[in-house]
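Biologist: Got a minute? I'd like to go through this structure with you before I head back to the bench.
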Amino acid sequence: MAEGSRVIIGIDAGTSVIKAVAFETGGRQLAVASARNNYSMADDGAATQSLAQTWQDCLTALRGLGEKVPDLARRTAAIAVTGQGDGTWLVGAGNAPVGDAWLWLDARAASTVRTLAAGPLNRARFEATGTGLNTCQQGTQLAHMDRHAPELIGRAEVALHCKDWLYLNLTGIRATDPSEASFTFGNFRNRRYDDTVIEALGLCHRRSLLPEIIDGTETTHPLTAAAAEASGLLAGTPVCLGYVDMVMTALGAGVRSGGENAACSTIGSTGVHMRAKAVADVQLNAEGTGYVIALPIPGIVTQVQTNMSATINIDWVLQLAADLISEGGRPTSLSDLIPRIDDWFGASTPGSVLYHPYISEAGERGPFVNADARAGFIGLSTRHRFADLVRAVVEGLGLATRDCYAAMGDMPGELRLTGGAARSAALRSVLSASVNAPLCVSEREEAGAAGVAMMAAVAIGAYRSMDDCIAEWVTPLLGRPEPPDPEQANRIDHLYGAYRQARSGLVPVWDALAGR
């Protein structure tokens, strides 16, 4: 079979959508098929998802891809899977689900997080994992289950993540990858489980739930006959277990290129800010927040800070306008107003209103953790209009981005950007000014699926190393650098001092509003 006709399928199982994407082995994207995810939210903070339905949705996406790519089964050289991070997907006897999965959105473990964070081993846990405690993580969720739902965890034989569950269904193998294993239960320096971390979480007696760790660039397992029949693919096709979706997206979007480490931000519903670093260059902050997540490159990790709310702040302010316009007799939707963001930004007064983008009901998790943090405007006067609010919200996202990178050390020398918000010239200019560095937008449409497909390409020997693969899959798709505007950078630099001072000063206000 000609090299150009061989296909790698990248599966990216996100929170809202599962995508199956076909790539030629040289990196060209051929087709995408998807299925919507469904999850449930409850008043007690629960956010759950059916394991069985998630597997069926994955099969729907794979079969849909087969309808778009001629002779897909015969052409497929490998399948690779990544997915939403954190969360707890319990599996019991016969590889059957033990209830629904607890997603990363689940907030029920908040009380356990507070208890564990005050424990004597918490700093040692942080020094090993590089990761701050929060309700998203499997470690804190398992600890909470152990205390409050022992009958649930008692039926489990293994605790998986979303991508691990799909890998189990594809191959029959219970496993996880080095990235999620080390930032939750291990040490990012050696990518193995760590006894002190497991003790700090109070889970020594549950250690048998932790699956084998495998690296998908080195180890694959064959597609089972049952999974092949269900998906329309061929039994025996190599399957690669990818790293968590955050680093797969960063890898596909250019967090490393030309053998050099870089920075990458994904501005979606949340803001994910990542810097590729050698292990020795990682700087852990005193606050104990963020993540250190391994890349599928020896000795290289990503240091990560994630702010809970990014574009949902923009959605909120635009929805206010849509509601008011609709009440005036002109039905207007959020999507109608998104194209106007740059116009409103251009019509506003620069830097006269400050906005903290903590609009999520879950508060903030990066670079500080406070479930009671809330959004707010500072500096309003009678001369301000709606356009000024839009600017403040956009600049608030830039200031939050700067806050996250500041917690990881110096500002990056160049920022790569991915996510739908990259289409906004206003947001790009603010982000570039916020870190005072050139910004490049990746033209890769499905960066997460591409990142995990790159792992499979290395695993099957299409490339000698990940850096060789990056040279063909990533570097040619990086756009021309957009330099920061010096005047805007100076203004953002001035605003940032006020931004930090105000967010510190608002803590007692947030406490009072939460009834503490």
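Biologist: Which cysteine sulfur is closest to the sulfur of Cys240, and how far away is it?
Modeller: This is a predicted model, to start with. The closest cysteine sulfur is in Cys469, 11 Å from that of Cys240. That is too far for a bond, because a disulfide needs the two sulfur atoms within 2.5 Å.

Biologist: And is Cys240 buried or exposed?
Modeller: Cys240 is buried, with a relative accessible area of 0%.

Biologist: What about Cys136, what is the distance to its closest cysteine sulfur?
Modeller: The distance is 14 Å, to the sulfur of Cys404. Again, too far for a bond. Cys136 is buried too, at 3% relative accessible area.

Biologist: How many disulfides in the whole structure, then?
Modeller: Zero, from a search of the whole structure.

Biologist: New topic. How many helices and strands?
Modeller: The protein has 20 helices and 25 strands. Its radius of gyration is 23 Å, and the globule rule gives 24 Å for 516 residues, so the protein is as compact as a globular protein of that length.

Biologist: What does the C-alpha trace span?
Modeller: About 70 × 55 × 55 Å along the principal axes.

Biologist: What share of the residues is buried?
Modeller: Buried residues make up 59% of the 516. As for the surface, the accessible area is about 19600 Å². Carbon and sulfur atoms hold 50% of that.

Biologist: Last one, charges. How many positive and negative side chains?
Modeller: There are 42 positive and 54 negative side chains. The centres of the two sets lie 1 Å apart.

How values were computed. Residues numbered from 1 in each chain as written. Predicted model: local features only at pLDDT ≥ 70, side-chain atom pairs only at ≥ 80, totals over all residues. Heavy atoms only, no water. Helix = DSSP H or I, 4+ residues; strand = E, 2+ residues; numbered from the N terminus. Rg over C-alpha atoms; globule rule 2.2 N^0.38 Å. Buried < 20%, exposed > 50% of the residue type's maximum accessible area, 1.4 Å probe, protein only. Areas by Shrake-Rupley, 256 points an atom, 1.4 Å probe, with all protein chains shown as cover. Lys, Arg positive; Asp, Glu negative; His and termini not counted. Charge placed at Lys NZ, Arg CZ, Asp CG, Glu CD.
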